[in-house]
Every structure is written in C-alpha cells, then in structure tokens.
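Hi everyone, thanks for coming. Let me put the model on the screen, and then I'll walk you through its sheets, helices and rings.

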Amino acid sequence: MRTVTLSYPMPAETAAQWAQPQVTALGQFDGLHRGHASVITSAVALARKQGVPAAVMTFHPHPKDVMGKGDYDGYLTPAKDKQELLAGMGVDILYVIEFNEQLSRVSPQDFVSVMLLPLHIVTAVIGFDFRFGYMGEGDADMLRELGDGVMNVETVPPFLLEGEKVSSSGIRKSLQNGDLTLANAWFGRCYHLRGVVGHGEKRGRTIGFPTANLQLEDLYVIPAKGVYAVRVFYKEDVLYGVMNVGVKPTFHEGMIAPSFEVHLFDFAGDIYEEELRVELVSFIRPERKFESIDALISQIAADAETAKKLLGYHS
C-alpha cells in the first residue's frame, strides 16, 4: 500500500502523478470499526471488479482536534495503526489530506473540483452519514451532483449490531465506561495501545510482579482506569499478561495522568526502549485503593489468575 500525503489546494503535478481510474472510500475512519470496514471492503470489492486500484482518502489531524469541537479526546486508531489495518484490508493507496483551518473553510464544490476530480476517481464510496466541506454542508446527494457523471457515488448503509448503529462515539463511551466487551465487538477486534517501554518506579519487582511501563507513542483514547487481561505483541512474539491503567492510588495521592503498567506472564527479558502493542482482551475490575501492600499483592495475584483463565493461558 502506498501512502500519499496531500494538502489543499492540491498542486497540479501531484494530481498528475496519482491521477488514474480508481475507486476511493472517503471518510475520517477513526477507529476503523466494523461500520468503517463495511465501507472500505465495499470499495475494495468494487475496485477489484472493475480492475482498478482501491484507495482510501482520509484526514489528519482529526478535524475535531483542529477545530476543538465535539467529544474528541484522542484517537481510536492513530495514523500508524490505521495504515497497518488498511494495508491488511487490501487497500492499494491511502491518501491522507492534511486537515487545517484553511481546509475547514473549503466549500463542498471546491473540495470536489480540487481534491477529487483531478485524481480521476471513477467511484467514491461513502458511509450513509458522510458529510464534507465547510460546516458539513456537503452530503451524498451533493457529492453525486458535483461528480457530474464523471465520478459515481456509492453509499453504504449503517452497520448494525443487535439493532444499534456501530459508531466511533459509541466505542469511545464504551471504552471510557469500562464496557470493553461492547467496544471490542463494535471494533471487530481487540482495542490496542502501542508504546515504548520506559523506566517507571520499579515498584512492581519489589512486590513480585515486575511490570513494563508503557509510554504511549500517540494520543490514544484512554480506557477506563482498572485492570485488564492483555495480549502483547513484541517483535515476533505473542505474550500474555495483565495491565493496570490508572494512578496507583495505593501509592499516590492526587495523581491525574494515568500510567500503563503491564505484567507479562513467565517473561524475564530486557524490553526497555522496545515497542509493544498491547491488546485489551477483557476488563477485570476497576482500579481501587488498598489498605495495605499485602492486600494489594493478594489482589494482583488474583487478577493474574483471572487473566490467565480469560486468556486461556497455561504456563
């Protein structure tokens, strides 16, 4: 998959370089959940049928981040994760348009004439609620009209699970409320965090549960504080463990920024400065303060056993 960074207005030489008959899915696609996947797989299938490249056009940073509006509080799927997932879905070209205040003021007409038509997109595939242009003025009907018979538009209906529309906002709320089961069902995969192992307080090793202090490498949506059963991808290895997301109230008062401490089962390697991708498989319990260190140790041991059962892990 080729990743192409675009800016508005698109220079003629850039358009000339990438202009070719292609089917392109349009959208922000933060989360790449099952609803987004239905749009993208529809575009890929149509592209294969027509014998042309399958493309995705999205925006970065998130428009809500730039405009400071809505319930935006981090990425469900940061750029690196998005690229990996899209490549696995058979996408040939990923167009990433730099979103800024100038682009936010562009009319739907100018967006289509400057950013879409010059690429020779034969079919644009969009979700049923896709909006574009200044103040979200553009919708599917306008996109079809502006395509002027040169660019067709296919609209994909909402993706429903048990009668509810799968949405990024719903996933955010589920993660923050500790409903990981619903979030993962809507994702169609386990939510994950990616980061580099840094030096923490090294308290875990003194109580028999050494932990890797994960320092997130992007602005992820932070899940509810608590303990999770996790699957960890380290280089070519798949490891299992338990992760605490929180402020460690047994040891600290007044901390606000959460830490991400991962205890890996039956692992003793040196992974400082190494990258880990941590999949949140199950939510075990909320974070709480313990009356004593012994009570905390006992609970951590119980959490580890619970996690092993949930993960089907055997030493």
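**The open sheet and its neighbours**

Let's start with strand 3 (residues 54–60) and strand 4 (residues 93–98), which run parallel and are joined by 6 bridges. Strands here pair if DSSP finds at least two bridges between them; helices (H or I, at least four residues) and strands (E, at least two) are DSSP runs, numbered from the N terminus. Within that pairing, A55 stands opposite I93 in strand 4.

A quick word on the source: this is a predicted model, where local features need pLDDT of at least 70 and side-chain atom pairs count only at pLDDT 80 or more, while totals for chains, interfaces and linings use all residues. Residues are numbered from 1 along each chain as its sequence is written, and side-chain values use heavy atoms, with hydrogens and water left out.

Zooming out, strands 3 and 4 belong to an open sheet of 6 strands in the order 1-4-3-2-5-6, with parallel pairing. Its edges are strand 1 (2–6) and strand 6 (152–156), each pairing on one side only. Helix 7 packs on this sheet and touches strand 2 (22–26), strand 5 (121–127) and strand 6, contact being heavy atoms within 4.5 Å. The direction of helix 7 makes about 160° with that of strand 6; axes are lines fitted to C-alpha atoms, for helices over the stretch in contact, and angles run from 0 to 180 degrees between N-to-C directions.

Which helix does helix 7 cross at roughly 50°? That is helix 6 (residues 108–116), whose axis comes within 10 Å of that of helix 7 (residues 140–147). That makes helix 6 oblique to helix 7 (under 35 degrees is roughly parallel, over 145 roughly antiparallel, 65 to 115 roughly perpendicular, and the rest oblique). On the helix 6 side we have P108, Q109, V112 and L116, meeting M142, L143 and L146 of helix 7.

Now for the barrel. A closed barrel of 6 strands runs 9-10-13-12-11-14, with antiparallel pairing, and the twist averages 45° from one strand to the next. Strand 9 (residues 192–198) pairs with strand 10 (residues 212–216) over 4 bridges, and N213 in strand 10 is the bridge partner of G198. Helix 10 (residues 293–311) lies across strand 11, strand 12 (237–246) and strand 14, at about 105° to strand 14.

That's my tour, so over to you!
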